[in-house]
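Please look through the sequence and the model shown here before reading on. The paragraphs that follow go from one pairing of strands to the sheet, then to the helices, and then to the chain as a whole.

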Amino acid sequence: MTAPEEYPSGWTIEDAERLMLSLKGVISARLVARPGGHVDEVHLLTTHEVTAKQTVRNVESALLAHLDLAVDHRKISVAQTKDLPGDLPKAEPLVRLLPQPPARERRLLFHGHHVETQRSHKVTHRVEIEWSGKCY
């Protein structure tokens, strides 16, 4: 694994995303930056707890105050959801490698996995496997 790229003011994309996730109402955050630290895009998924306009202001202020990173408000995109993080629909597993063999074949099968980040800075990683015809 490579180290995160550090930009001129000493911040990383991970630092910026972690900071945005700490803001009220933010469920998910992604920052896209060029080498040298120029921010191209900021994408946020939020609850209705804070208006989109206030969320944009909060992001601008937090990035500038904490990371000395100035971002034009026009680069910040906010999508809002009525659902709480636990109520969001689960995505299908990202990978399906092997077809399901007959149960008589006793081997461990990898069916897929799903990674989900949560606002509380936790990551849930679900792995689906099959052993002796039973899925776990």
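**A walk through the sheet and its helices**

A good place to begin in this predicted model is a single pair of residues, for A33 has V39 in β2 as its bridge partner. That pair belongs to a longer run of pairing, since β1 and β2 are antiparallel to each other and are joined by seven bridges. Further along the two strands, R30 is found opposite H43 of β2. The strands β1 and β2 form a hairpin with five residues between them, and within this hairpin G36 adopts a positive phi near 100 degrees.

On which strand does β2, residues 39-46, find a parallel partner? The partner is β3, and the parallel pairing of β2 with β3 extends over five bridges. Two positions let the reader trace this pairing in the model: V42 stands opposite I76 of β3, and L44 stands opposite V78, which is also in β3. As a general point to keep in mind while following such positions, the side chains of a regular strand alternate between the two faces of the sheet.

Taken together, the three strands make up an open sheet with the order β1-β2-β3, and its pairing is mixed. The edges of this sheet are β1, residues 26-33, and β3, residues 76-80, each of which pairs on one side only. Between neighbouring strands of the sheet there is an average turn of 15 degrees, if direction is ignored.

The helices can now be placed against these strands. Helix α1, which spans residues 13-21, lies across β1 and β2 and runs at about 155 degrees to β1. Within α1 the buried residues are A16, E17, L19, M20 and L21. What covers the buried residues of α1? The cover includes β1 and β2 from the sheet, and it also includes α2.

Just ahead of this helix, in the segment before α1, the reader will find T12. Is T12 buried or exposed? T12 is buried, because its relative accessible area is 9%, and buried here stands for a value under 20%. The side chain of T12 has a polar atom that lies 3.0 Å from the backbone nitrogen of D15.

A second threonine, T51, can be read in a similar way. T51 sits in the loop between β2 and α2, and with a relative accessibility of 51% it counts as exposed, because the limit for that word is a value over 50%. From the side chain of T51, a polar atom lies 3.2 Å from the backbone nitrogen of Q54. The position of T51 also shows how the fold brings parts of the sequence together, for T51 and Q80 are separated by 29 residues in sequence while their C-alpha atoms are 8.8 Å apart in space.

Helix α2 covers residues 52-67 and packs on the sheet, where it touches β1, β2 and β3, and its direction makes about 135 degrees with that of β3. Together with the strands β2 and β3, the helix α2 makes a right-handed β-α-β unit. On the way from α2 to β3 the chain passes through a loop that contains D68. The phi of D68 is near 55 degrees, which is a positive value in a residue other than glycine. D68 is also exposed, because its relative accessible area is 55%.

It remains to step back to the whole protein chain. Its secondary structure comes to two helices and six strands, and from the N terminus on these elements follow one another as α-β-β-α-β-β-β-β. How many of the 136 residues count as buried? The share is 30% of the residues of the protein chain. Where contacts join residues at least 6 apart in sequence, 44% of them link residues that are at least 24 apart. The protein chain exposes about 9100 Å², and 54% of this area is supplied by carbon and sulfur atoms.

Notes:
Residues are numbered from 1 along each chain as its sequence is written. This is a predicted model: local features need pLDDT of at least 70, side-chain atom pairs count only at pLDDT 80 or more; totals for chains, interfaces and linings use all residues. Side-chain values use heavy atoms; hydrogens and water are left out. Two strands pair if DSSP finds at least two bridges between them. Helices (H or I, at least four residues) and strands (E, at least two) are DSSP runs, numbered from the N terminus. Axes are lines fitted to C-alpha atoms, for helices over the stretch in contact, and angles run from 0 to 180 degrees between N-to-C directions. Contact means heavy atoms within 4.5 Å. Buried means under 20% relative accessible area, exposed over 50%, partly exposed in between (1.4 Å probe, protein chains only). A polar contact is a pair of N or O atoms within 3.5 Å; within protein, one must be able to donate a hydrogen and the other to accept it, and residues adjacent in sequence count only if both atoms are side-chain atoms. A crossover is right-handed if, with the strands pointing away from the viewer, the path from the first strand over the helix to the second runs clockwise. Accessible areas come from the Shrake-Rupley method with a 1.4 Å probe; for residues, only the protein chains shown count as cover.
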